[in-house]
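Here is a short briefing to read alongside the structure. Have a look at the fold, the cysteines and the charged side chains as you go.

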Amino acid sequence: MIHCKSCGNSVNEDSRICPSCGAPIVGEEQITEKEAASEMKQEQVEETSAKRHKKRTLIITAILAFIMISSAAAAIILHKSPKELYLLSEYKTYQKSKEGWVDKYGDKMEFQEKMMKKPSSSEMTLSGNIEMDSLSNDPDLEMFQELLNKATLTCKN
């Protein structure tokens with residue numbers, strides 16, 4: 001390594017100009033200022049393109065990492081086994097059929113539920129008050145008529 005005579009910074013032996021101040025390095029050969037300026041510009045262009053390349057590489061790497069992490073998270077969160085998918089589809093089918101059933105028979109089901117909570121009751125009584133004047137002379141039929149007059153039949157439900 002040699003040192004620049006202008007600024008004192010260390011410079012590679014194969015460099016013709018100082019990267020810090022741009023002064024020509026005097027060695028065995030003298031270089032002109034035009035050559036020094038063109039060499040300086042070329043080094044700046046190379047440095048700028050290298051920075052751009054690093055930026056692009058960093059951005060592309062970050063985007064790919066984001067996509068991979070997002071995909072992995074989605075796979076973990078949304079992953080369902082075939083059994084879970086089957087049961088979920090059966091549950092959804094059940095819910096839809098239940099809604100259809102309620103739409104079609106909802107009023108009847110509501111009425112039936114009310115009847116189960118508080119059922120109605122009815123009572124019916126039959127009595128045998130029969131008057132048969134034509135058969136009043138027959139003692140067997142009189143006894144039968146008297147039994148029918150005293151008999152009652154009651155049904156409750």
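Helices, such as the one that holds Ile59, are DSSP runs of H or I with at least four residues, and they are numbered from the N terminus. Please keep in mind that this is a predicted model. The chain has three helices and four strands, and buried residues make up 7% of its 157 residues.

**Overall layout**
- Reading from the N terminus, the order of elements is β-β-α-α-β-α-β.
- Helix α1 covers residues 33-78, while helix α2 covers residues 82-117.

**Surface patches on and around helix α1**
- Ile59 is located in helix α1.
- Together with Ile60, Ile63, Leu64, Phe66 and Ile67, Ile59 makes a nonpolar patch of about 620 Å² on the surface.
- Lys55 is also placed in helix α1, within residues 33-78.
- A patch of positive charge on the surface brings Lys55 together with Lys51, Arg52 and Arg56.
- Lys55 can take part in such a patch because its relative accessible area is 60%, and patch members need over 30%.

**Cysteines without disulfides**
- How many disulfides does a search of the whole structure find? The search comes back with zero.
- Cys4 is in no disulfide, and its nearest cysteine sulfur, which belongs to Cys21, lies 3.8 Å away.
- A disulfide would need the two sulfur atoms within 2.5 Å, so the 3.8 Å between Cys4 and Cys21 does not qualify.
- Cys4 counts as buried, with a relative accessibility of 5%.
- For Cys18, the closest cysteine sulfur is that of Cys7, and the 3.5 Å between them is too far for a bond.
- Cys18 is buried as well, at a relative accessible area of 0%.

**The salt bridge**
- One salt bridge is present in the structure.
- Which side chains meet in it, and at what N to O distance? Lys114 and Glu110 do, at 3.7 Å.
- In general, side chains of opposite charge can pair when their charged atoms come close.
- The two residues are about one helical turn from each other, because they sit four residues apart in helix α2.
- Lys114 is exposed at 53% relative accessibility, whereas Glu110 is partly exposed at 43%.

Methods:
Residues numbered from 1 in each chain as written. Predicted model: local features only at pLDDT ≥ 70, side-chain atom pairs only at ≥ 80, totals over all residues. Heavy atoms only, no water. Patch = residues over 30% accessible without salt bridge, like charges linked within 9 Å, V, L, I, M, F, W, Y side chains within 5 Å. Areas by Shrake-Rupley, 256 points an atom, 1.4 Å probe, with all protein chains shown as cover. Salt bridge = Lys/Arg side-chain N within 4 Å of Asp/Glu carboxyl O. Lys, Arg positive; Asp, Glu negative; His and termini not counted. Charge placed at Lys NZ, Arg CZ, Asp CG, Glu CD. Buried < 20%, exposed > 50% of the residue type's maximum accessible area, 1.4 Å probe, protein only.
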